[in-house]
Amino acid sequence: MTVSSAPGKVYLFGEHAVVYGEPAVPCAIERRATVTVESRDDDRLRVDAEDLSLDGFTIEYGRGTDETPDVDVSESLIRAATGYIDASVEQVREATDSPNAGFDITVESDIPLGAGLGSSAAVTVAAIDAATRELGVSLPSDEIADRAYRAELEVQDGEASRADTFCSATGGAVRVEGDDCRAIEAPDLPIVVGFDGGAGDTGKLVAGVRTLREEYEFAADTVESIGDIVRQGERALAEGDIDELGKLMNFNHGLLEALGVSSRSLDNMVWAARDAGASGAKLTGAGGGGCIVALDPSDETETALRFTPGCEDTFRAELDTEGVREE
Ligand code: PMV
């Protein structure tokens, strides 16, 4: 039996624009997915994800792939979750030259699903690490990141950047621009997350931005402007200038809103954080629903979010400097 875990992440800057070659800066947080893998004698897979939960957000399905999952989240989300596992196992079979490997896989996670905190990347990265090690092969973290990226590409019909998977494999703050992925220095950030209990459909949201970009030149300009914000944000991050980071996050959120990927509950949470005195706040990830990220060293933003209609959960998230690791 082999166990690995990998962190989720928030985007400080650059989601969506990163799909079109602009830079993005995601940052790993101390919320992890843990995957336990055991080799089987046959080539079958058994996936057990009985406890993918975060307050009020639970999916349950039993062992056996032909069993209908007993769930209180959408079936498409479940299909996506098992899709990531299947694609990860394909990568493992290829990397270890074991085309007939079969596994019993247990997934546990304290990252809400599909909510912009990189749950799928964390599960994919941890699954690839655990399953390859279970077969006696230890891959370097950049190969795990690359294979996890390819698994995500397959599940997301070719619409994925390297940002989530690289960040989860490496930990800390990272900068991703096209195929160029690197770790960057980051100060301790006072990150607060607000979660509306929902999830966005990444594929649909990415496709929506693509259509806008094709239709309107100013939408293409908006995507480029997000790239400019990211470059300025990197400088603020290097200087540890939290106020400037906050201002730029506010700007970034405004442009994401203009591209149609925010939602009423995300906007409500962003405004609640700003009104409470956060340096800045923005949605994180694909949008449509899910999480916002704010910067506030005081308790004010968390308190305000707790009383914000539509906010189901709020928590402080420490930067996680460790990426994928053996448990
Ligand atoms: O919502 P998440 O955590 O899957 O992030 C999606 C980020 C996008 O930039 C919209 C897509 C991508 O693959 O980079």
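## Exercises on the ligand site and helix α2

A backbone N or O atom of A286 lies 2.8 Å from an oxygen atom of the ligand. This is a predicted model, in which local features need pLDDT of at least 70, side-chain atom pairs count only at pLDDT 80 or more, and totals for chains, interfaces and linings use all residues. Residues are numbered from 1 along each chain as its sequence is written, and side-chain values use heavy atoms, leaving out hydrogens and water.

**Exercise 1.** Work out how much of the ligand's accessible area the protein covers.

*Solution.*
- Start with the area that the ligand has on its own, 380 Å² (Shrake-Rupley method, 1.4 Å probe).
- The protein covers 93% of that area.

**Exercise 2.** Find where the ligand lies relative to domain 1 and domain 2.

*Solution.*
- Take the bounds, 2-184 for domain 1 and 191-316 for domain 2, which come from an automatic or database domain assignment.
- Both domains give residues to the shell around the ligand, so the ligand lies between them.

**Exercise 3.** Check the length of helix α2 (residues 119-134) against its expected span, then decide how enclosed α2 is.

*Solution.*
- Helices are DSSP runs (H or I, at least four residues), numbered from the N terminus.
- The expected span is 1.5 Å times one less than the number of residues.
- With 16 residues, α2 should span 22 Å, and its end C-alpha atoms are 22 Å apart, which agrees.
- Next, 16 of the 16 residues of α2 are buried, so the helix is largely enclosed by the rest of the structure; buried means under 20% relative accessible area (1.4 Å probe, protein chains only).
- Finally, look just past the helix: G136 follows α2 and has a positive phi, near 85 degrees.

Technical notes. A polar contact is a pair of N or O atoms within 3.5 Å; within protein, one must be able to donate a hydrogen and the other to accept it, and residues adjacent in sequence count only if both atoms are side-chain atoms. Helices (H or I, at least four residues) and strands (E, at least two) are DSSP runs, numbered from the N terminus. Buried means under 20% relative accessible area, exposed over 50%, partly exposed in between (1.4 Å probe, protein chains only).
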